[in-house]
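Good morning, and thank you for coming. Please look at the sequence and the model on the screen while I speak.

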Amino acid sequence: MAVVEGDVQLYSLEQVKIHDGKSDPKVWIVYKDIVYDVTSYLDDHPGGGDLITEYAGKDCTKGFDDFGHSSDAKKMLKQYKIGEIIQEERKGKKKNANVKTSSDTGKSPIKLAPKEKTEIRSCLNIITCGLCG
Ligand code: HEM
């Protein structure tokens with residue numbers, strides 16, 4: 001059974017796999033950790049249904065992005081959303097929210113010129129001497 005978190009239905013990759021359009025008539029795909037039931041869209045796809053069924057029950061993120069779909073295509077996807085992948089199996093796993101690295105904040109770490117480093121060292125020396133003395 002799928003887990004429900006808030007209003008969102010959560011599925012494991014194993015559960016998505018069942019809906020491969022063969023053993024099960026439904027075609028589910030995963031795009032960026034979101035699960036879509038695109039069964040009713042197959043006949044309307046400008047690239048043909050086969051291109052989508054190739055990814056039935058699987059993650060289609062690379063295939064979908066490699067084609068370079070328009071923003072309209074991405075908007076269309078939304079109406080087929082049925083849930084999300086469970087946290088443990090997400091590709092874009094969230095890191096510990098409390099630990100922020102410079103890559104999370106988008107700010108580069110402070111870089112000091114050699115002269116500035118020497119000045120800071122001198123300051124630290126004075127503080128240390130003050131404590132010792
Ligand atoms: C699952 C993997 C998918 C692959 C590999 C794929 C591939 C392609 C290809 C090759 C075309 C070009 C067709 C042509 O010009 O003859 C195309 C067009 C298009 N596809 Fe897909 N597609 C996929 C899934 C989807 C899905 C799920 C949607 C929407 C729900 C979608 C929406 C569209 C739209 C709207 C176009 C027209 C061009 C555009 O607006 O980008 N596709 N696709």
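I shall discuss the ligand and its surroundings, then the iron atom, and lastly a loop. Please bear in mind that this is a predicted model.

Let us begin with the location of the ligand. The ligand occupies the largest pocket. Around the ligand there are 18 residues, and those that come nearest are Tyr41, His45, Phe67, His69 and Ser70. Which helices each supply at least two residues of this shell? They are helix H2, residues 49-53, helix H3, residues 61-67, and helix H4, residues 71-78. As for the chemical character of the shell, 13 of its residues are nonpolar and 5 are polar, while no charged residue is present.

Next, I turn to individual contacts between side chains and the ligand. For His45, an N or O atom of the side chain is 2.8 Å from a nitrogen atom of the ligand. For His69, the distance from a side-chain N or O atom to a ligand nitrogen is 2.8 Å. Ser70 approaches an oxygen atom of the ligand instead, with an N or O atom of its side chain at 2.5 Å.

We now come to the iron atom of the ligand. Which protein atoms act as its donors? They are NE2 of His45 and NE2 of His69, lying 2.0 Å from the iron. This pair links distant parts of the chain, as the two residues are 24 residues apart. His45 belongs to the loop between strand E4, residues 34-37, and H2, whereas His69 belongs to the loop between H3 and H4.

What is the geometry of the iron site? The site has 6 donor atoms, with angles among them of 86 to 179°, and is octahedral. For comparison, the ideal angles for six octahedral donors are 90 or 180 degrees.

Finally, I should like to draw your attention to the backbone elsewhere. Lys32 is found in the loop between strand E3, residues 28-31, and E4. Its phi angle is near 50°, which is a positive value in a residue other than glycine. Asp33 is likewise placed in the loop between E3 and E4. The phi angle of Asp33 is near 70°, again positive in a residue that is not glycine.

Note on methods
Residues numbered from 1 in each chain as written. Predicted model: local features only at pLDDT ≥ 70, side-chain atom pairs only at ≥ 80, totals over all residues. Heavy atoms only, no water. Near = heavy atom within 4 Å. Polar contact = N/O pair within 3.5 Å; in protein donor to acceptor, adjacent residues only side chain to side chain. 1 Å grid on protein atoms, 1.4 Å probe; cavity = no way out; pocket = protein on both sides within 12 Å on 5 of 7 lines; lining within 4 Å. Sits in = over half its atoms within 2 Å of the grid points. Helix = DSSP H or I, 4+ residues; strand = E, 2+ residues; numbered from the N terminus. Nonpolar A, V, L, I, M, F, W, Y, C, P; charged D, E, K, R; others polar. Donors = N, O, S within 2.8 Å, 3.2 Å for Na, K, Ca; no water. Tetrahedral: all angles 85-135°; square planar, octahedral: opposite > 155°, others 65-115°.
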